[in-house]
Amino acid sequence: KAGVVVRYRQVFFDFGLVRRSSEWNNTNGQADGPAHTFGMFNITIRFENFRNLGEQAAAPIRWIVDPAYRKKVMEEKRIKDIVAKDGVKVVFDSKDPRAPRKELNLTCRQ
């Protein structure tokens, strides 16, 4: 058996070829016939619950056909990369102008 698995996010594409020789025996110990080769293609979707299964299954198709979706995903990735690299500063605003300004700096460890 030989093949390859390609992963895109939570979707796995599995391609393979199986070659059986004429000496191959089935589970009953009987010869399985002449040598033959067959292929297989499998799609596996990893999901936590059924609620977002449809969205996960459609994501690769939307990536291909919907430029707006592609742009949104790339922008989210860009923001995540910036946050991971530089961190985020959160400023807590008070309605009282005399109150001291409170800030929280968050950074990601790698």
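**Notebook: ring pairs, salt bridges and a nonpolar patch**

I started with Lys-72, which counts as partly exposed at 45% relative accessibility. I should jot down early that this is a predicted model.

**Entry 1: the partner of Lys-72**

Which residue forms a salt bridge with Lys-72? I found Glu-76, and the closest N and O atoms are 3.6 Å apart. That fits within the 4 Å limit for a salt bridge. I then looked up where the two residues sit: both are in helix 2, which covers residues 67-86. They are 4 residues apart, so about one helical turn separates them. Glu-76 is partly exposed as well, at 36% relative accessibility.

**Entry 2: another bridge in helix 2**

I stayed in helix 2 and looked at Arg-78 and Glu-75, whose side chains meet in a salt bridge. The N to O distance here is 2.7 Å. This pair is 3 residues apart, again about one turn of the helix. Are these side chains buried or exposed? Neither word fits, because Arg-78 is partly exposed at 43% relative accessibility and Glu-75 is partly exposed at 35%.

**Entry 3: a bridge between strands**

How many salt bridges does the structure hold? I noted 5. One of them joins Lys-89 and Glu-103, with the closest N and O atoms 3.5 Å apart. This pair links distant parts of the chain: Lys-89 belongs to strand 4 (residues 88-92), Glu-103 to strand 5 (residues 102-106), and their positions lie 14 residues apart in the count. Glu-103 is partly exposed, with 39% relative accessibility. A reminder to myself: side chains of opposite charge can pair when their charged atoms come close.

**Entry 4: the aromatic pairs**

Next I turned to the rings, and the structure holds 2 aromatic pairs. For Tyr-8 and Trp-63, the ring centres are 6.4 Å apart and the planes stand at 50°. Why do I call this pair tilted? The angle of 50° is neither under 30 degrees, which would be stacked, nor over 60, which would be edge-to-face. Tyr-8 comes from strand 1 (residues 2-8) and Trp-63 from helix 1 (residues 53-65), so the pair links parts of the chain that are 55 residues apart. Both residues are partly exposed: Tyr-8 has a relative accessible area of 25%, and Trp-63 has 24%.

The other pair I looked up is Phe-15 with Phe-41, also tilted, at 5.0 Å centre to centre and 35° between the planes. Phe-15 is in strand 2 (residues 11-20) and Phe-41 is in strand 3 (residues 36-45), so the pair ties together parts 26 residues apart in sequence. What about their exposure? Phe-15 is partly exposed at 36% relative accessibility, while Phe-41 is exposed, with a relative accessible area of 51%. The cut-off for exposed is over 50%, so Phe-41 with its 51% earns that word.

**Entry 5: the nonpolar patch**

Phe-15 and Phe-41 turned up again in my last search. Which residues make the nonpolar surface patch? I listed Val-4, Val-6, Phe-15, Phe-41 and Ile-43, and together they make about 450 Å². Strand 1 and strand 3 each supply at least two residues of this patch. I checked Val-4 in particular: its place is in strand 1, and it is partly exposed, with a relative accessible area of 44%.

Note on methods
Residues are numbered from 1 along each chain as its sequence is written. This is a predicted model: local features need pLDDT of at least 70, side-chain atom pairs count only at pLDDT 80 or more; totals for chains, interfaces and linings use all residues. Side-chain values use heavy atoms; hydrogens and water are left out. Rings of Phe, Tyr and Trp (its six-membered ring) pair if their centres lie within 6.5 Å; planes under 30 degrees apart count as stacked, over 60 as edge-to-face and the rest as tilted. Buried means under 20% relative accessible area, exposed over 50%, partly exposed in between (1.4 Å probe, protein chains only). Patches are made of residues with over 30% relative accessible area and no salt bridge: like charges are joined within 9 Å, nonpolar side chains (Val, Leu, Ile, Met, Phe, Trp, Tyr) within 5 Å. Accessible areas come from the Shrake-Rupley method with a 1.4 Å probe; for residues, only the protein chains shown count as cover.
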